[in-house]
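Welcome, and please open your viewer. Could you walk me through this structure, telling me what to select at each stop and what is there?

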Amino acid sequence: MSAQYEVYAIKYAHHERNASANFLGGDPHDGPMPLDYFVWLIRGQGREIVVDSGFNAAVAAKRGRRITRPVEEGLRLMRVDAAAVKDVVITHLHYDHVGNFDLFPRATFHLQDLEMQYATGRCMAVEAMRHAYELEDVVGMVRNVYAGRVRFHDGDAELAPGVSLHHVGGHTLGLQIVRVATRRGWVVLASDASHFYANMEQSRPFPIVYNVGDMVEGWRRAQSLADSPAHVIPGHDPLVMARYPAPAAPLQGAVVRLD
Ligand SMILES: [Zn+2]
């Protein structure tokens, strides 16, 4: 492994809810099980790659989520100028993973073919399937396609030496995860392939799901791409903030270093 990168989780929002909402079929020991919302930063080899772009204040208000620190501020804490970022990976088009297009005027967005197909296709005629999509985000991505700013991927793709994208599906038809070479080995940003450690560790699917079989296979895929199960980073688990250190004292509670 020659190229190595730093990887950071930047928390931008929080949502209180109970465990029964986080597992297909509910939870017999229901109790508080909140979600954190992140964007991720991959830095090294002269590159800055942002993974997911998060939601803004308007969407937070509409969805009843609490922004703890706007995405642009979190990136600024890491000395990243969002306006200068060239590559943004969009794991999938759900409202909490895409948006804030205005922050990234120079970026190319990396998306799976199947995710755009899904978000603009027949499934979206059904409220239950489109619920986690924001029409303006999907239309915004279509505008980026027409502006020549989307690079589509079909399955696995190398973004840079030591950074690759892998289609897993499951949660949505076109969900992709990101594998990164780091000083501690291969780290996998699983995004919503597993919202919480508990989903993949206890084999209990999250209830927003396009295909349960593919979701189960996605946990295995994420773990097989990583150096160990502990190298897989779930998409929404507050435990990520507890298990990893802040890169510096002033970033406590805002950013953790994953590599
Ligand atoms: Zn999500």
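Here is a tour in a few stops, through a model that is predicted.

**Stop 1: the zinc ion**

Begin by selecting the zinc ion together with Asp96, His97, Asp192 and His236. These residues coordinate the zinc ion at 2.1 to 2.2 Å. The two aspartates contribute OD atoms, while the two histidines contribute NE2 atoms. Along the chain, the donors follow the spacing D-H-x94-D-x43-H.

Now keep Asp192 and His236 highlighted. This pair links distant parts of the chain, the two residues being 44 residues apart. Aspartate 192 sits in the loop between strand 11 (185-191) and helix 6 (197-201), and histidine 236 in the loop between strand 12 (232-234) and helix 8 (239-243). With a relative accessible area of 1%, aspartate 192 is buried; histidine 236, at 2%, is buried too.

Why is the arrangement around the zinc ion irregular? The 4 donor atoms subtend angles of 86 to 162°, and four donors count as tetrahedral only if all angles lie between 85 and 135 degrees.

**Stop 2: the largest pocket**

Next, select Arg17, Arg65, Tyr95, Ala132 and Ile208, the residues closest to the centre of the largest pocket among the 16 that line it. The pocket holds about 200 Å³ of space. What kinds of residues make up its lining? They divide into 6 nonpolar, 5 polar and 5 charged.

**Stop 3: two residues with positive phi**

Go to aspartate 52, in the loop between strand 3 (47-51) and helix 1 (57-63). Its phi is near 70°, a positive value in a residue other than glycine. Is aspartate 52 buried or exposed? At 0% relative accessibility, aspartate 52 counts as buried.

Then select serine 203, found in the loop between helix 6 and helix 7 (212-225). Serine 203 also has a positive phi, near 50°, and is a residue other than glycine.

**Stop 4: salt bridges**

The last stop looks at side chains of opposite charge. The count comes to 9 salt bridges, and you can visit some of them here.

- Select arginine 183 and aspartate 259, whose side chains meet in a salt bridge at 3.1 Å, N to O. Arginine 183 lies in the loop between strand 10 (176-182) and strand 11, and aspartate 259 in the segment after strand 13 (255-257), so the pair ties together parts that are 76 residues apart in sequence. Arginine 183 is exposed, with a relative accessible area of 55%, whereas aspartate 259 is buried at 10%.
- Select glutamate 48 and arginine 43, which form a salt bridge with their closest N and O atoms 3.3 Å apart. Glutamate 48 is partly exposed, with a relative accessible area of 29%, while arginine 43 is buried at 14%.
- Select glutamate 217 and arginine 220, whose salt bridge spans 2.9 Å, N to O. Both residues lie in helix 7, 3 residues apart, about one turn of the helix. Glutamate 217 counts as partly exposed, at 42% relative accessibility.
- Finish with Lys62, Arg63 and Glu134, which are linked in a network of salt bridges.

Technical notes
Residues are numbered from 1 along each chain as its sequence is written. This is a predicted model: local features need pLDDT of at least 70, side-chain atom pairs count only at pLDDT 80 or more; totals for chains, interfaces and linings use all residues. Side-chain values use heavy atoms; hydrogens and water are left out. Donors are N, O and S atoms within 2.8 Å of the metal (3.2 Å for Na, K and Ca); water is not among the atoms, so sites may look incomplete. Four donors count as tetrahedral if all angles lie between 85 and 135 degrees; four count as square planar and six as octahedral if opposite donors are over 155 degrees apart and all others between 65 and 115; anything else is irregular. Helices (H or I, at least four residues) and strands (E, at least two) are DSSP runs, numbered from the N terminus. Buried means under 20% relative accessible area, exposed over 50%, partly exposed in between (1.4 Å probe, protein chains only). On a 1 Å grid over the protein atoms alone, a cavity is a set of points where a 1.4 Å probe fits but cannot get out, and a pocket is an open set with protein on both sides within 12 Å along at least five of seven lines; lining residues have an atom within 4 Å of a point. Grid points are joined across faces, edges and corners, and a volume is the space filled by probe spheres set on the points. Ala, Val, Leu, Ile, Met, Phe, Trp, Tyr, Cys and Pro count as nonpolar, Asp, Glu, Lys and Arg as charged, and the others, Gly among them, as polar. A salt bridge is a side-chain nitrogen of Lys or Arg within 4 Å of a carboxyl oxygen of Asp or Glu.
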